[in-house]
Amino acid sequence: MDMTPLAPKCGVEIAGIQLAETDGAQLEAVKQAVYEHGVGLFRQQEFSPEDHIAFAKRWGGIDINNYFPLNDAYPEIALVRKRADQAMNIGGAWHTDHSYDQVPAMGSILVARELPPSGGDTLYAHMGAAYDSLPDDLKEEIEGLEAFHSADHVYKEDGLYAQTDMGGDLRGQDLETGATHPVVIRHPETGRKLLYVNSAFTIHIVGRTREESLPLLQRLYAAALNDENQYCVQWQPGSVAIWDNRTTWHNAVNDYQGHAREMHRITLSGEALAV
Ligand code: SIN
């Protein structure tokens, strides 16, 4: 197994293994690399839906996504799908999956099934690097703060997706979400401090209104998206990415109008987050 960092602060390519056969000590090494680098990229994988589910079960539990369409034959697999005639994609803004859950999903395993002729990349940003880059006074200012997260403005019947041509594809428009997490968490496995607010689902700092919270949140978001913290996955047939939601944000670039893109996503169970 060969590991090559993809950018100075985010992402690692792991070559020389087939995920379908990865288990035991090799799986532990893959996990540690994903926890540390935020996203692992695996090329030229032979990875059927059955392999995808079996690998996710070897990693840990599977969280079924409440909103995305599910694969009829394999309900553990969510379809991140955009038809050629749709303008809106899923996940096309910076976000951290499931931060609106009190026990957020650990991460995801995303498999490229149908790709546009060009574009359709996924951007990742490393929240450990983002935290490290903050000036000391800002680190002190956010120490001990908590933030409230929700997905209601995104997925509910009057939410963002419902106003678009993706709205009809999604489920769970009657669900209500809300969770409180520390603004800075420690990675449960590596112990690294990570910035844990995101521009899609963080609503406000606990004890402050949204208006009072926004200046601070926007300073944190600007630090999170420093170019040096980012890596861009350019998908190829057979590519699989595994990311850690605690360590990274991601953003599915919607630059392939008139073409279809279909990815299979399994969301991995996580644990409550703490400082
Ligand atoms: C997502 O899981 O947010 C979508 C990622 C992608 O389609 O690249």
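**Exercise 1.** Is Lys31 buried or exposed?

*Solution.* The model is predicted, so local features need pLDDT of at least 70 and side-chain atom pairs count only at pLDDT 80 or more, while totals for chains, interfaces and linings use all residues. Residues are numbered from 1 along each chain as its sequence is written, and side-chain values use heavy atoms, with hydrogens and water left out.

Step 1. Take the cut-offs: buried means under 20% relative accessible area, exposed over 50%, and partly exposed in between, with a 1.4 Å probe and protein chains only.
Step 2. The relative accessible area of Lys31 is 11%, so Lys31 is buried.
Step 3. Locate the residue: Lys31 belongs to helix α1, residues 24–37. Helices here are DSSP runs of H or I with at least four residues, strands are runs of E with at least two, and both are numbered from the N terminus.
Step 4. Add a distant partner: Asp244 is 213 residues from Lys31 in sequence, yet the C-alpha to C-alpha distance is 9.3 Å.

**Exercise 2.** Describe the overall form of the protein chain.

*Solution.* Step 1. Count the elements: the chain has six helices and 16 strands.
Step 2. Compare its radius of gyration with the globule rule: the value is 18 Å, close to the 19 Å that the rule gives for 275 residues, so the chain is as compact as a globular protein of that length. The radius is taken over C-alpha atoms, and the rule is 2.2 Å times the number of residues to the power 0.38.
Step 3. Read the extents: the C-alpha trace spans about 50 × 45 × 30 Å along its principal axes.
Step 4. Of the 275 residues, 52% are buried.
Step 5. Consider the contacts (heavy atoms within 4.5 Å). Among those with a separation of 6 or more, 82% join residues 24 or more positions apart.

**Exercise 3.** Work out the faces and partners of strand β8.

*Solution.* Step 1. In a regular strand the side chains alternate between the two faces of the sheet.
Step 2. Strand β8 (residues 146–149) has Ala147 and His149 on its covered face, and Glu146 and Phe148 on the uncovered one.
Step 3. Two strands pair if DSSP finds at least two bridges between them. β8 runs antiparallel to β9 (residues 179–182), joined by four bridges.
Step 4. With β12 (residues 202–205), β8 pairs over three bridges, also in the antiparallel sense.
Step 5. Follow His149 across both pairings: Ala179 stands opposite it in β9, and Thr202 is its bridge partner in β12.

**Exercise 4.** Which phi values do Gln44 and His98 have, and where do these residues sit?

*Solution.* Step 1. Most residues other than glycine have a negative phi.
Step 2. Gln44 has a positive phi of about 50°, and His98 has a positive phi near 65°.
Step 3. Gln44 lies in the loop between β3 (39–42) and α2 (49–59), whereas His98 is in the loop between β5 and β6 (107–114).
Step 4. Gln44 counts as exposed at 66% relative accessibility; His98 counts as buried at 4%.

**Exercise 5.** Which residues does Asn71 touch, not counting residues up to four places away in sequence?

*Solution.* Step 1. Asn71 is in the loop between β4 (62–63) and β5 (78–82).
Step 2. With a relative accessibility of 13%, Asn71 counts as buried.
Step 3. Under the stated exclusion, Asn71 touches Ile77, Leu79 and His264.
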